Amino acid sequence: MFKRSTLFIILLVILAVIAVQTGRRLIFSMVYLLGATLLFSFLWSWANLRAVSISRLTQSLRAQVGRPIEERIVVRNQSWLPKLWLEIRDGSELPGHHASRVINGLPPRRSRGWSIKTNARRRGRYRLGPMQLVSGDPFGLFTLKRDLPQTSSITIYPATYDLPRFHPPVGRLLGGESIRRRTHNVTPNFAGVRDYVPGDTFSRIHWRSTARTGRLIVKEFEEDPTADIWIVLDMYHAAHFEAEEELPEDDSLPSLLWLRKRDEGLPPSTTDYAVTVAASLFKHFLELNRAVGMVAHAEHREIMQPDRGLRPLTRALEHLAVLEAYGNHTLADVITLEEKFFERGNTVIVVTPSANVKWVNAAQELQRRGVQVIAILINGSSFSPRLPRLDDVRASLAINGVPTYVVNNGDAIPEALGTPAGANPLRKVAAEKPSTNGQSNGAGG
């Protein structure tokens, strides 16, 4: 169908031809009226898109799955002419984020704003924007658009769960001697004193030495005898599966209704379950003041050296937020390639959906070197009956004495990791609410 403006232009041309041929004043008057209407409508539409500014304020550019994202958009009319109507179209990638609005009757030198609250559903890094400003004239003849290309990005961290009943056997160095390696953390193992350097916290200042020498002296510590914990996350592309996710029925409703269904559980994806388990383990052991590291071969080789405190948790969540199963190395190859990092007495926690028994043989080699191995299996057959079962892997792990935990689709992570696979029959439980203790939207920790 032709637009109204096109029909008006065709009618104007026809009337102009008739007016020239007949010379009648009435037809000339109709031509002038139609021409003036078209010109007035176009100028009105053009002016509606000028002298308009849009500010977009996001409360935080980092959030976590299960927590709200709040954003405020303000439209200002900076001209002396009123705006009949303005439509703001948002091109953000964030799932369920509805920021588009239509504003009617914006007076001169006035502004109008609205807030959007969206529940973070999927981890990842998403684009906010660009935006498009649309307006028209009172007669509906012209609809003009103005692109606003400015964009920003927001990172959604994976959910982390408290694991109060997860107490696996973890490595501890023999004899309980302190590790002769300096650490920035405060430990019971005092190593000596040194001069203050920028960045040292005031809690480490040794005041007696400072008073005696007349300059700032700080204490140094050595690491605890507890061994490092490594999380090996299997990101081999052929080992993972993602089922089609059913969107909630109220997905098309205004985003202010996010409170209606705040925790929708994890997506039916072995990747998301594995990443969530890894994030929860990271948080769990860091809260126990253990040094935790991570190995993952996805699109790139990801190695995080073991560390304590809140900084490694933030770094881990940054990596896990965008980690996808794009790896070309099987889990057995990853364990073999990175075994140089796993020292005697360390604990290696393997998180995988793989039903290939070869990786169990690689883990057995680590056990022979004195490395404690723990397996957390993401049961792919619970996501799709077409995927192989884990019976052979579980049997092989049991023969080698490897503590094993199994997570099924729909299981609550704390419950699944609360009981080893052989200790109690697996049972379905309702998904629990992700923990937000000790975390903020801004830093994830």
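**Note on the predicted model: cores, helix packing and some single residues**

1. The largest nonpolar core has 53 residues, and the members that touch the most others in it are Leu233, Leu281, Ile376 and Leu417. Helix α4 supplies the largest share of this core, with 10 residues. A second core lies apart from it and holds 26 residues, among them Leu331, Val334, Val371 and Leu397. As background, nonpolar side chains in soluble globular proteins tend to be buried together. Keep in mind throughout that this is a predicted model.

2. Which residues does Ile376 touch beyond its neighbours within four places in sequence? The list is Phe166, Val277, Leu281, Ile349, Val350, Val351, Thr352, Tyr405, Val407 and Leu417. Two of these names, Leu281 and Leu417, appear with Ile376 among the core members that touch the most others.

3. Some overall values help to place these details. The protein has 9 helices and 19 strands. Of its 445 residues, 47% count as buried. Taking the contacts with a separation of 6 or more, 73% are between residues 24 or more positions apart.

4. Next, the packing of two helices. Helix α4 covers residues 270-287 and helix α5 covers residues 311-322; their axes come within 10 Å and cross at roughly 180 degrees. An angle over 145 degrees counts as roughly antiparallel, and α4 and α5 are therefore roughly antiparallel to each other. On the α4 side the contact is made by Val275, Ala278, Ala279, Phe282, Lys283 and Leu286, and on the α5 side by Pro312, Leu313, Ala316, Leu317 and Leu320. By type, these residues divide into 10 nonpolar, no polar and 1 charged.

5. Ser92 is found in the loop between β4 (83-90) and β5 (101-106). Is Ser92 buried or exposed? With a relative accessible area of 17%, Ser92 is buried, since buried means under 20%. The side chain of Ser92 makes a polar contact of 2.7 Å with the side chain of Asp90. A polar atom of the Ser92 side chain also lies 3.0 Å from the backbone nitrogen of Gly129. Not counting neighbours within four places in sequence, Ser92 is in contact with Arg56, His97, Arg127, Leu128 and Gly129.

6. Gly96 is also placed in the loop between β4 and β5. Gly96 is buried, with a relative accessible area of 18%. The C-alpha atoms of Gly96 and Arg122 are 10.0 Å apart in space, while the two residues are 26 residues apart in sequence.

7. Gly129, named above as a contact of Ser92, deserves a second look. The peptide bond that joins Gly129 and Pro130 is cis, with omega about 0 degrees. Pro130 is in the loop between β7 (124-128) and β8 (131-136). For background, most peptide bonds are trans.

8. Two residues should be checked for their backbone angles. Most residues other than glycine have a negative phi. Arg109 is not a glycine, yet its phi is positive, at about 55 degrees. Arg109 lies in the loop between β5 and β6 (111-119), and is partly exposed with a relative accessible area of 47%. Asn289, likewise not a glycine, has a positive phi of about 60 degrees. Asn289 lies in the loop between α4 and β15 (292-297). The relative accessible area of Asn289 is 36%, so Asn289 is partly exposed.

9. Arg4 is in helix α1, which covers residues 4-22. Arg4 is exposed, with a relative accessible area of 52%; the cut-off for exposed is over 50%. Which residues does Arg4 touch, not counting those up to four places away in sequence? They are Phe139, Gly140 and Leu141. Arg4 and Leu141 are 137 residues apart along the chain, but their C-alpha atoms are separated by 5.2 Å.

10. The last residue is Thr336, in helix α6 (residues 331-337). Thr336 is partly exposed, with a relative accessible area of 47%. Thr336 and Leu366 are 30 residues apart in sequence, and the distance from C-alpha to C-alpha is 9.1 Å.

Note on methods: Residues numbered from 1 in each chain as written. Predicted model: local features only at pLDDT ≥ 70, side-chain atom pairs only at ≥ 80, totals over all residues. Heavy atoms only, no water. Axes fitted to C-alpha atoms, helices over the stretch in contact; angles between N-to-C directions. Helix = DSSP H or I, 4+ residues; strand = E, 2+ residues; numbered from the N terminus. Parallel < 35°, antiparallel > 145°, perpendicular 65-115°, else oblique. Contact = heavy atoms within 4.5 Å. Nonpolar A, V, L, I, M, F, W, Y, C, P; charged D, E, K, R; others polar. Buried < 20%, exposed > 50% of the residue type's maximum accessible area, 1.4 Å probe, protein only. Polar contact = N/O pair within 3.5 Å; in protein donor to acceptor, adjacent residues only side chain to side chain. Core = buried A, V, L, I, M, F, W, Y, C linked by side-chain atoms within 4.5 Å.
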